[in-house]
Amino acid sequence: GGVLVQGPVTLDPPGDNGSANRGPGLLSSGGAWFVVWNTGSGLFVARVGADLALDTDWADGGFLKLQDSGGNHPEIAAGPSGRLAVVWGETQWGVSIFDGATAQVVAHTTMGCASGAGSNGDGHDITWNNAKGEFGVLVSGQGTGLCDKPQGQVDVTETLHRLSPEGAFIGGPLSVMCGYTIGAGHRGGVTAKPDGTYVV
């Protein structure tokens with residue numbers, strides 16, 4: 001067991017919070033905590049200080065809204081110069097990059113079935129690759145969410161996308177695993193080694 005040192009803190013973004021269980025992703029960066037999750041009103045990021053107090057001077061009363069709907073199962077990673085990136089997915093997937101200090105959104109891309117990646121981006125993750133100076137975004141389709149697959153199949157296509165800190169895709173997606181059988185609820189994870197190699 002453990003002892004609760006601080007908190008808990010309750011975050012209440014504007015709008016409907018009926019689907020607030022869709023997440024959250026959590027990251028410590030630049031002396032603050034960033035919490036990202038999907039509510040009934042959209043995909044939000046909150047900036048929380050080291051004292052676990054909501055930073056109400058950041059964005060809109062402490063909350064940055066990345067999109068109006070969707071955004072399930074978000075993951076977050078810290079890049080260079082205070083930039084953070086969020087990937088989400090379920091029936092489609094997408095990525096947002098924003099400045100953690102100013103709350104300025106640098107890039108926002110919503111993807112569907114593209115370049116062989118499944119339209120069900122449910123098994124996604126994101127990491128910063130310091131050696132290559134890029135974000136690595138892992139996306140998996142599953143079951144009926146795959147492109148060009150008939151209903152009921154559970155083959156999975158998994159691809160790695162490379163993304164610049166400005167949100168531009170670098171080259172084409174790299175096929176990691178394609179066409180293997182797996183049950184529903186597939187999740188993916190990715191990290192980058194110091195030499196720039198990605199590990200899935």
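**Exercise 1. Backbone angles in the loops**

In which loop does H73 lie? Determine its position, and then treat A103 in the same manner.

*Solution.* The model under study is predicted.

Step 1. H73 is placed in the loop between β4 and β5.

Step 2. The phi angle of H73 is near 55°, a positive value in a residue other than glycine.

Step 3. A103 belongs to the loop between β7 and β8, and its phi is near 65°, again a positive value in a residue other than glycine.

Step 4. The burial of A103 follows from its relative accessibility of 11%: being under 20%, this value makes A103 count as buried.

Step 5. β7 and β8 form a hairpin with five residues between them, and A103 is in its turn. In the hairpin of β5 and β6, four residues stand between the strands, and S81 takes a positive phi near 55°.

**Exercise 2. Pairing of strands β5 to β8**

Establish how strands β5, β6, β7 and β8 are joined, and identify some facing residues.

*Solution.*

Step 1. Strand β5 (residues 75-78) runs antiparallel to β6, and four bridges join them. Within this pairing, I76 has V86 of β6 as its bridge partner.

Step 2. β6 also pairs with β7 in the antiparallel sense, over seven bridges. Here A85 has I97 of β7 as its bridge partner, while L84 stands opposite F98.

Step 3. β7 in turn pairs with β8 over six bridges, likewise in the antiparallel sense. S96 stands opposite H108 of β8.

**Exercise 3. Burial of β6 and β7**

How many residues of β7 are buried? Examine β6 as well, and consider the two faces of β7.

*Solution.*

Step 1. Six of the seven residues of β6 are buried, and the strand is thus mostly covered.

Step 2. In β7, seven of the seven residues are buried, so this strand is largely enclosed by the rest of the structure.

Step 3. In a regular strand, side chains alternate between the two faces of the sheet. Sorting β7 by side places W93, V95, I97 and D99 on one face and G94, S96 and F98 on the other. Both faces are covered, as the residues on each side are all buried.

**Exercise 4. Aromatic pairs**

Classify the ring pairs F34–W58 and W128–F135, and locate the first of them in the fold.

*Solution.*

Step 1. The description of an aromatic pair rests on the distance of the centres and the angle of the planes. With rings paired when their centres lie within 6.5 Å, the count comes to six aromatic pairs.

Step 2. F34 and W58 are 5.8 Å apart centre to centre, with 70° between the planes, and the pair is edge-to-face.

Step 3. F34 lies in strand β2 (residues 32-39), and W58 in the loop between β3 (42-49) and β4 (63-67); the pair therefore ties together parts that are 24 residues apart in sequence. F34 and W58 are both buried.

Step 4. For W128 and F135, the ring centres are 4.9 Å apart and the planes stand at 70°, so this pair too is edge-to-face. Both W128 and F135 are buried.

Step 5. F34 and W58 join F98 in one aromatic cluster.

**Exercise 5. Nonpolar cores**

Which residues have the most contacts inside the largest nonpolar core? State which elements contribute to this core, and describe a second one.

*Solution.*

Step 1. The largest nonpolar core has 15 residues, and those with the most contacts inside it are F34, V45, I76, V86 and F98.

Step 2. Two or more residues of this core come from each of β2, β3, β4 and β6 (83-89).

Step 3. A second core, separate from it, has 14 residues, including V87, W128, V137 and V139.

Step 4. Two results given above bear on the largest core: its members I76 and V86 are bridge partners, and F34 and F98 belong to one aromatic cluster.

**Exercise 6. The cavity**

Which residues line the largest cavity? Give its volume, the origin of its lining and the chemical character of that lining.

*Solution.*

Step 1. A search of the whole structure finds one cavity of 30 Å³ or more. The largest cavity holds about 30 Å³ of space.

Step 2. Its lining consists of V95, I97, A107, H108, T109, L163 and G167.

Step 3. At least two lining residues are supplied by each of β7 (93-99) and β8 (105-111). β8 gives the largest share, three residues.

Step 4. By character, the lining comprises four nonpolar residues, three polar and no charged.

Key. Residues are numbered from 1 along each chain as its sequence is written. This is a predicted model: local features need pLDDT of at least 70, side-chain atom pairs count only at pLDDT 80 or more; totals for chains, interfaces and linings use all residues. Side-chain values use heavy atoms; hydrogens and water are left out. Rings of Phe, Tyr and Trp (its six-membered ring) pair if their centres lie within 6.5 Å; planes under 30 degrees apart count as stacked, over 60 as edge-to-face and the rest as tilted. Buried means under 20% relative accessible area, exposed over 50%, partly exposed in between (1.4 Å probe, protein chains only). A nonpolar core is a set of buried Ala, Val, Leu, Ile, Met, Phe, Trp, Tyr and Cys residues joined through side-chain atoms within 4.5 Å. On a 1 Å grid over the protein atoms alone, a cavity is a set of points where a 1.4 Å probe fits but cannot get out, and a pocket is an open set with protein on both sides within 12 Å along at least five of seven lines; lining residues have an atom within 4 Å of a point. Grid points are joined across faces, edges and corners, and a volume is the space filled by probe spheres set on the points. Ala, Val, Leu, Ile, Met, Phe, Trp, Tyr, Cys and Pro count as nonpolar, Asp, Glu, Lys and Arg as charged, and the others, Gly among them, as polar. Two strands pair if DSSP finds at least two bridges between them.
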